[in-house]
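Work through these exercises with the structure open. Each task comes with a solution in steps.

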Amino acid sequence: MTGPVIVGFDGSESSRQALAWAEQEAVMREAPLHLLHALPRWSPDVLLVPEPVGWEVEAEKTAREQLEQAAAQTRSCRPHLDVTSEIALDRAEDALVHAAEGAQLLVVGSRGRGGFTELLLGSVSRHVAARSPCPVAVFRRPTTGGHRMVVVGVSGQPGQESLLEFAFQEAALRGAGLRAVHAWTHPGRIEPWTVGSGVYDAETAGQEEEVLLAEILGGWRGRFPDVELVQQVVREHPAKALAEASAEADVVVVGASHGATRALLGLGSTAHAVLHHARAPVIVVRG
């Protein structure tokens, strides 16, 4: 992996927690850490309200003080870490997506300064996770960690090669095991003569899903022989299965949907739900 680890910082408690986690990620990846503070132009909530005199100058001064203080504290705690910082005069989601070009990981908190406390996921983190050219880690709550386990959601659909490669690399990087979770809710392959009655063999369907997961992961075992792989097939909604598995994970890796099935700002319903309810940091990987 190459490129820096970038973290969005706006002085909020959520961004401070994300920064602390990003520091660890940068050290582990032997990568530089770049702090980005986005400062958008005046955008009044009430129509025709003019920009207060000196607002932009004062806002930039405050932002720079917060950013420099955070960067200095990081350098003090981790003197061997290459730390840089930047103020971008743009909307946060646009600035972060632009900065993510060439980065190996973009880290954001779940909710910034302007977020409503009752919302589990802010609009910036949601937009960035859907649009970033590099994997995005959304840090929502402090975790105890130490599980030495990476969880990845495997849908069984084509186009998950980038997701699986990233998940195996993450497990290898962390010296952790990899739990591949494949959840299914459909009735399996129904024989023509059973369609009318709605009868199907759930046990057989589950066995077929296990075979499917084994086939998907077969080649990856050879590429990453040192990663302990755990295959988990459950008859459950994928988001619920991943949220439950996150309780014993250091990080959860999910894919963003694409094409005609894309929903909820490009994330897909499963990734969107996992970002809201996972108990560990979630990394979203686009194809």
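**Exercise 1. Classify Arg29: buried or exposed? Then find its salt-bridge partner.**

Solution.
- Step 1. This is a predicted model. In the model, Arg29 has a relative accessible area of 8%. Buried means under 20%, so Arg29 is buried.
- Step 2. The side chain of Arg29 meets that of Glu25 in a salt bridge, 2.9 Å from N to O.
- Step 3. Check the partner. Glu25 has 3% relative accessibility and also counts as buried.
- Step 4. Place the pair. Both residues lie in helix 1, 4 residues apart, about one turn of the helix.
- Step 5. Extend the view. Glu25 and Arg29 are linked with Glu170 and Arg174 in a network of salt bridges.

**Exercise 2. How exposed are the members of the salt bridges Glu60–Arg64 and Arg91–Glu93?**

Solution.
- Step 1. In the bridge between Glu60 and Arg64, the closest N and O atoms are 3.0 Å apart. Both residues sit in helix 2 (residues 55-77), 4 residues apart.
- Step 2. Glu60 has 25% relative accessibility and counts as partly exposed. Arg64 has 36% and is partly exposed.
- Step 3. The side chains of Arg91 and Glu93 meet at 3.4 Å, N to O.
- Step 4. Arg91 is partly exposed at 46%, whereas Glu93 is buried at 11%.
- Step 5. Put these bridges in context: the structure holds 11 salt bridges.

**Exercise 3. What is the geometry of the Trp21–Phe139 ring pair, and which elements does the pair tie together?**

Solution.
- Step 1. Count first. There are 3 aromatic pairs.
- Step 2. For Trp21 and Phe139, the ring centres are 6.0 Å apart and the planes make an angle of 35°. The pair is tilted.
- Step 3. Trp21 lies in helix 1 (residues 13-29) and Phe139 in strand 5 (residues 136-139), so the pair ties together parts 118 residues apart in sequence.
- Step 4. Trp21 counts as buried at 8% relative accessibility. Phe139 counts as buried at 6%.

**Exercise 4. Is the Phe168–Trp220 pair stacked or tilted?**

Solution.
- Step 1. The ring centres are 5.8 Å apart and the planes lie at 10°. Planes under 30 degrees apart count as stacked, so this pair is stacked.
- Step 2. Phe168 belongs to helix 5 and Trp220 to helix 6 (residues 202-223), so the pair ties together parts 52 residues apart in sequence.
- Step 3. Phe168 is buried at 0% relative accessibility. Trp220 is buried at 10%.
- Step 4. Add Phe224: ring pairs link Phe168, Trp220 and Phe224 into a cluster.

**Exercise 5. Which residues touch the most other members of the largest nonpolar core?**

Solution.
- Step 1. This core has 46 residues, and Leu33, Leu35, Val107 and Leu178 touch the most other members.
- Step 2. Helix 5 (residues 161-174) gives the largest share of the core, 6 residues.
- Step 3. Look at Leu178. Leaving out residues up to four places away in sequence, its contacts include Met149, Phe168, Ala171 and Val227.
- Step 4. Apart from the largest core lies another, of 37 residues, among them Val97, Leu106, Val274 and Leu275.

**Exercise 6. How many of the protein's 287 residues, in percent, count as buried?**

Solution.
- Step 1. The buried share is 44%.
- Step 2. The protein exposes about 14,800 Å², with carbon and sulfur atoms supplying 51% of it.
- Step 3. The protein has 8 helices and 10 strands.

How values were computed
Residues are numbered from 1 along each chain as its sequence is written. This is a predicted model: local features need pLDDT of at least 70, side-chain atom pairs count only at pLDDT 80 or more; totals for chains, interfaces and linings use all residues. Side-chain values use heavy atoms; hydrogens and water are left out. A nonpolar core is a set of buried Ala, Val, Leu, Ile, Met, Phe, Trp, Tyr and Cys residues joined through side-chain atoms within 4.5 Å. Buried means under 20% relative accessible area, exposed over 50%, partly exposed in between (1.4 Å probe, protein chains only). Helices (H or I, at least four residues) and strands (E, at least two) are DSSP runs, numbered from the N terminus. Contact means heavy atoms within 4.5 Å. Rings of Phe, Tyr and Trp (its six-membered ring) pair if their centres lie within 6.5 Å; planes under 30 degrees apart count as stacked, over 60 as edge-to-face and the rest as tilted. Accessible areas come from the Shrake-Rupley method with a 1.4 Å probe; for residues, only the protein chains shown count as cover. A salt bridge is a side-chain nitrogen of Lys or Arg within 4 Å of a carboxyl oxygen of Asp or Glu.
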